[in-house]
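User: Please examine the structure shown below and take me through its salt bridges and its nonpolar cores in a short series of questions.

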Amino acid sequence: LSPLAPLHNPPALEGVDAVRAVWPELAQVAVFDSAFHHTMPARAYRYAVPPEWYTGLAVRRYGFHGTSVRYVSERAARLLGRPPEDLALVVAHLGNGCSATAVLAGRSVDTTMGLTPLEGLVMGSRSGDVDPGLFGYLARQSSMSSEEVLDTLNTRSGLLALSRIGNDMREIQAAADGGDREAALAVDVFVYRLAKAAAALVVAMGRLDALVFTGGIGEHSGPVRAGVVGSLGFLGLRLDEAANAADGRDTGGRIDGGATPAALVVATDEELMIAQDTIRLVGGT
């Protein structure tokens with residue numbers, strides 16, 4: 001499966017091999033980020049491509065960040081005092097990798113990442129969505145191979161390319177606040193693409209009870225959250241500026257001032273979910 005996640009799977013496998021060499025009898029558990037998204041309906045995971053690509057090559061949308069989304073959606077339900085089965089959430093996991101997921105009744109029904117983690121939102125060094133025709137265009141106009149194009153889209157695009165500063169939103173935001181136009185554009189594109197995706201995910205659920213921010217950017221960037229919530233005011237979302245500036249620390253994660261739909265900041269804990277899954281699988285207590 002390494003071709004689907006070239007930045008993550010090879011080093012993970014190196015870890016498996018290293019542990020096996022030292023402790024050959026130790027049970028190892030792989031917790032896949034894509035597992036949570038297997039509840040997506042076919043209308044969300046199928047691409048409009050020849051059927052033999054799907055049946056023979058497994059070309060479909062898988063989604064990622066599921067371990068984080070599962071934890072955050074459960075935690076958000078507790079913070080809202082409602083059972084997960086009653087909620088329609090959009091969870092925005094925003095870090096160096098970024099995705100947004102529609103979680104209806106505790107299950108993923110659509111997400112922005114697809115066959116690989118490259119699809120969807122603008123990320124730290126990943127482009128997110130581009131026109132597939134880009135590959136043919138670059139092949140005709142330059143000497144770049146498809147492997148070189150993919151490497152560029154994965155490692156030298158996104159916020160890094162737009163800002164020309166780096167992939168750290170804190171540094172980009174500071175430069176934007178200081179008048180750097182390219183940094184300001186990077187933030188603007190990031191926020192716009194996220195807000196547009198979040199609005200589209202509401203279609204998958206038919207309603208929105210809460211927008212939940214998590215991940216390094218989601219948990220710590222007030223300006224990004226403000227931009228997204230402000231863009232989604234037509235859905236009824238509102239922002240409490242003081243709560244947002246404090247990352248929701250003093251308001252139980254809520255940054256909406258009591259509005260409906262809610263807007264929350266929830267710190268993710270993927271390690272806890274992995275530990276719990278591992279305990280269940282190896283029969284621990």
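**Salt bridges and cores**

User: Which residue forms a salt bridge with Asp 209?

Analyst: A salt bridge here is a side-chain nitrogen of Lys or Arg within 4 Å of a carboxyl oxygen of Asp or Glu. The closest N and O atoms of the pair are 3.0 Å apart. The partner of Asp 209 is Arg 207.

User: Before we continue, how should the values be read?

Analyst: This is a predicted model, in which local features need pLDDT of at least 70 and side-chain atom pairs count only at pLDDT 80 or more, whereas totals for chains, interfaces and linings use all residues. Residues are numbered from 1 along each chain as its sequence is written, and side-chain values use heavy atoms, with hydrogens and water left out.

User: Is Asp 209 buried or exposed?

Analyst: Buried means under 20% relative accessible area, exposed over 50%, and partly exposed in between (1.4 Å probe, protein chains only). Arg 207, at 36%, counts as partly exposed. Asp 209 has a relative accessible area of 14%, so Asp 209 is buried.

User: How many residues apart in sequence are the parts that Asp 110 and Arg 61 tie together?

Analyst: The side chains of Asp 110 and Arg 61 meet in a salt bridge at 3.1 Å, N to O. Helices (H or I, at least four residues) and strands (E, at least two) are DSSP runs, numbered from the N terminus. Asp 110 lies in strand S3 and Arg 61 in the loop between helix H3 (51–57) and helix H4 (66–80), so the parts tied together are 49 residues apart.

User: Which residue is linked with Arg 61 and Asp 110 in a network of salt bridges?

Analyst: Asp 110 and Arg 61 are both buried. The network of salt bridges that links them also includes Glu 119.

User: Which element gives the most to the largest nonpolar core?

Analyst: A nonpolar core is a set of buried Ala, Val, Leu, Ile, Met, Phe, Trp, Tyr and Cys residues joined through side-chain atoms within 4.5 Å. The largest has 43 residues, and those touching the most other members include Val 90, Leu 211 and Phe 213. Elements that each supply at least two residues include strand S1 (88–94), helix H9 (181–205) and strand S4 (210–214). With twelve residues, the element that gives the most is H9.

User: How many residues are in the second, separate core?

Analyst: Among the members of this second core are Val 69, Val 103, Val 212 and Leu 264. The number of residues in it is 17.
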